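Work through the exercises below with the sequence and the structure open beside you. Try each task on your own before you read its solution.

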Amino acid sequence: MSRRLRVLTALLIVVFALQLNSCEQKQQPKSFEEYVVRGELLTQGGDPNKAIENFRKALEINPNSANVYYLWGNTLQSQGKADESIEKYRKALEFEPKLVSAHFGWATSLQHQGKQAEAAEKYKEAAELDPRSAPQIYFEWGNRLRAQGK
């Protein structure tokens with residue numbers, strides 16, 4: 001994806017999240033899917049607390065959703081809350097043990113904590129679960145290490 005397209009996509013997400021936020025009092029989500037989508041948009045739009053509120057409501061409807069726990073973990077990770085994000089990734093994996101994205105998120109949180117050896121094991125697990133994604137997983141891991149000066 002070109003840089004221009006990524007920037008445009010990000011701007012559209014922010015605009016949509018702002019519109020969603022301004023309409024919040026008028027229209028409350030009514031379904032599991034609406035809460036999940038709203039949570040994702042609010043995370044991307046920079047309102048993680050409201051995003052988490054929507055993830056909680058989605059889990060009231062479907063308490064076994066690995067995807068919601070994974071998204072909640074991402075939201076916490078974006079706030080720098082590595083310990084809490086790992087708890088959510090762990091919960092996601094209870095419901096869907098082969099959810100590669102949850103393994104990857106957990107590994108990234110471990111890396112943010114400076115636990116490089118544990119992160120390496122988690123990245124390896126993610127790569128083994130989806131060998132087709134292994135090159136991308138290792139590439140992202142390398143980028144994170146380089147960003148940390150390692």
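## Exercises on a helical chain

This model is predicted, and the mean pLDDT of the chain is 85, with 80% of its residues reaching 70 or more.

**Exercise 1. Find which element of the chain has the lowest mean pLDDT and which has the highest.**

Solution. Begin with the inventory of elements: the secondary structure comes to eight helices and zero strands, so the order from the N terminus reads α-α-α-α-α-α-α-α. Next, compare the mean pLDDT of these elements, where helix H1 (residues 3-22) has the lowest value, 60, and H5 has the highest, 98.

**Exercise 2. Describe the chain by its burial, its contacts and its exposed area.**

Solution. First take burial, for which 37% of the 150 residues of the chain count as buried. Then turn to contacts between residues at least 6 apart in sequence, of which 43% join residues at least 24 apart. Finally, consider the surface, where the chain exposes about 9100 Å², with carbon and sulfur atoms supplying 54% of that area.

**Exercise 3. Work out how far helix H2 reaches from its first C-alpha to its last, and set this beside the expected value.**

Solution. Helix H2 covers residues 32-44, which gives 13 residues. At 1.5 Å a residue the expected span is 18 Å, and the model's value of 19 Å is close to it. To complete the picture of this helix, list the buried residues of H2, which are Phe32, Tyr35, Val36, Arg38, Gly39, Leu41 and Leu42. After H2 comes Gly46, whose phi is positive, near 90 degrees.

**Exercise 4. Explain how Lys57 and Glu53 are placed in helix H3, and do likewise for Lys91 and Glu94 in helix H5.**

Solution. Start from the general idea that side chains of opposite charge can pair when their charged atoms come close. A search of the whole structure finds five salt bridges, among them one between the side chains of Lys57 and Glu53, with 3.8 Å from N to O. These two residues lie four residues apart in helix H3 (residues 48-61), which means that about one helical turn separates them. Lys57 is partly exposed at 26% relative accessible area, and Glu53 is also partly exposed, at 39%.

Now repeat the reasoning for Lys91 and Glu94, whose closest N and O atoms are 3.6 Å apart in a salt bridge. Here the residues are three apart in helix H5 (residues 82-95), and again about one helical turn separates them. Lys91 is partly exposed at 27%, whereas Glu94 counts as exposed at 52%. Both spacings fit the rule that an α-helix has 3.6 residues a turn, so residues three or four places apart point the same way.

**Exercise 5. In the salt bridge of Arg132 with Asp130, decide for each partner whether the residue is buried or exposed.**

Solution. The closest N and O atoms of Arg132 and Asp130 are 3.8 Å apart. Arg132 has a relative accessible area of 77%, and because this is over 50% the residue is exposed. Asp130 has 17%, and because this is under 20% the residue is buried.

**Exercise 6. Where is Lys122 placed, and which residues beyond its neighbours in sequence does Lys122 contact?**

Solution. Lys122 sits in helix H7 (residues 116-129). With 9% relative accessibility, Lys122 counts as buried. Leaving aside neighbours within four places in sequence, the contacts of Lys122 are Leu93, His103, Trp106, Ala107 and Leu110.

Notes
Residues numbered from 1 in each chain as written. Heavy atoms only, no water. Salt bridge = Lys/Arg side-chain N within 4 Å of Asp/Glu carboxyl O. Buried < 20%, exposed > 50% of the residue type's maximum accessible area, 1.4 Å probe, protein only. Contact = heavy atoms within 4.5 Å. Areas by Shrake-Rupley, 256 points an atom, 1.4 Å probe, with all protein chains shown as cover. Expected span 1.5 Å × (residues − 1). pLDDT = per-residue confidence, 0-100.
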